[in-house]
Amino acid sequence: MYQAIAAFYNNNIGDTNYDHMANFLHEVFYEYNKTGNSDEKPIVLDAGCGTGSCAVKLADKGFDVIGLDISPEMLQKAQEQPGSDKVQWICQDMTDMDLFGTVQAVFSMTDSVNHLLEEEELQGFFNGASLFTEKGGLLVFDFLTEKYFTQIIDGNVFCQEDEDSCLVWSGEVENGFCYYDITCFEREDKHFTRSQDCVTERMWSVPELECALKEAGYSVVSKFSDVNRTPCKKGDFRRYYVCRKVR
């Protein structure tokens, strides 16, 4: 997944503002964390960190950050970012994590949870996050809702381009899953090379997510519609969960 687009993922996929995301995480970590740890540099894990933009920005804010991703290509780009030396990078599957110790918080942003396609994978991620988080620590993640997939993605074609690259992708929703076909064009000297990826996301329901969280020992303490911490409302395209490890 994402082998073809790792080289220019940050420039071409979506409109994520990583500064705003890092500010959101910084706020909720300090407001909701109850681990009792007074370290000057709280230890946090970015599960499914991709090219590491959010991990680096949190490290710049004084956090001790671990960036974990299953894709070597993504991690290679992450380590090329300015400030990447402040982050410890690990190539692992977020559904089967094996850390050296505990952290105060785990976060997983930009719909990484939607990329977990089976119930066992979702439960594996939540269980692993709980195992390596101190009691009272946090799990923060976002996910795309069914409305987003059915009203925005299904049957549509999207294109993003700049001087050196172009991405074209389409999405199709079927039986609770969204299937993306992604074509990438990247400039090399006077010509472009073409590559392709296929990506699948699952439309997790709120009951499915909250049941898996409870099984892993988490309590949901806040839900938001965006990084401005707007309360959730009917019809959200994306939601943000702040959860605390209670056992």
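Two strands count as paired when DSSP finds at least two bridges between them. With that in mind, let us walk through this predicted model, starting with a sheet.

Strands 6, 7, 8 and 9 make up an open sheet of four strands, lined up in the order 6-7-8-9 with antiparallel pairing. At the edges stand strand 6, residues 157-161, and strand 9, residues 191-202; each has a single partner strand, so one side of each is left without a neighbour in the sheet. On average, neighbouring strands here are turned by 15° against each other, ignoring direction. If you trace the side chains along such a sheet, it helps to remember that in a regular strand they alternate between the two faces.

Now look at one pair within the sheet. Strand 8 covers residues 177-188 and runs antiparallel to strand 9, joined to it by 12 bridges. One residue to find is Glu-188, whose bridge partner in strand 9 is His-191. Helix 6, residues 146-153, packs on this sheet and touches strand 6, strand 7 (165-174), strand 8 and strand 9. The direction of helix 6 makes about 60° with that of strand 8.

Between strand 8 and strand 9 lies a loop that holds Asp-189. Most residues other than glycine have a negative phi. Asp-189 is not a glycine, yet its phi is positive, at about 60°. Asp-189 is also exposed, with a relative accessible area of 70%. Another residue of this kind is Arg-229, again not a glycine, with a positive phi of about 65°. You will find Arg-229 in the loop between strand 10 and strand 11 (238-245), and its 22% relative accessibility makes it partly exposed.

A further loop to visit connects helix 7 (206-215) with strand 10 (218-224), and Ala-216 sits there. Is Ala-216 buried or exposed? Its relative accessibility is 6%, so Ala-216 counts as buried. Leaving aside residues up to four places away in sequence, Ala-216 touches Gln-123, Phe-126, Asn-127, Ser-130 and Arg-247. Ala-216 and Lys-135 are 81 residues apart in sequence, while their C-alpha atoms are 12 Å apart in space.

Let us move to the earlier part of the chain. Two packed helices are described by the angle between their axes and the distance between the axes. Helix 2, residues 18-32, packs against helix 3, residues 53-60, at an angle of about 55°, with the axes 9 Å apart. That angle makes helix 2 oblique to helix 3. The crossing of these two helices is right-handed. Helix 2 brings Tyr-18, Asp-19, Met-21, Ala-22, Leu-25, His-26 and Phe-29 to the contact, and helix 3 brings Ser-53, Cys-54, Lys-57 and Leu-58.

Strand 1, residues 43-47, runs parallel to strand 2 and is joined to it by five bridges. Leu-45, for instance, has Ile-66 of strand 2 as its bridge partner. Strand 2, residues 64-69, is mostly covered, with five of its six residues buried.

Finally, a word on the cysteines. How many disulfides are there? The count is zero, because a disulfide needs a pair of cysteine sulfur atoms within 2.5 Å. For Cys-91, the nearest cysteine sulfur is that of Cys-49, 9.2 Å away. Cys-91 is partly exposed, at 46% relative accessibility. For Cys-166, the nearest cysteine sulfur is that of Cys-159, 3.7 Å away, and Cys-166 is in no disulfide either. Cys-166 is buried, with a relative accessible area of 14%.

Terms used. Residues are numbered from 1 along each chain as its sequence is written. This is a predicted model: local features need pLDDT of at least 70, side-chain atom pairs count only at pLDDT 80 or more; totals for chains, interfaces and linings use all residues. Side-chain values use heavy atoms; hydrogens and water are left out. Buried means under 20% relative accessible area, exposed over 50%, partly exposed in between (1.4 Å probe, protein chains only). Axes are lines fitted to C-alpha atoms, for helices over the stretch in contact, and angles run from 0 to 180 degrees between N-to-C directions. Contact means heavy atoms within 4.5 Å. Angles under 35 degrees count as roughly parallel, over 145 as roughly antiparallel, 65 to 115 as roughly perpendicular and the rest as oblique. A crossing is left-handed if the near helix is turned anticlockwise from the far one by less than a right angle, and right-handed if clockwise.
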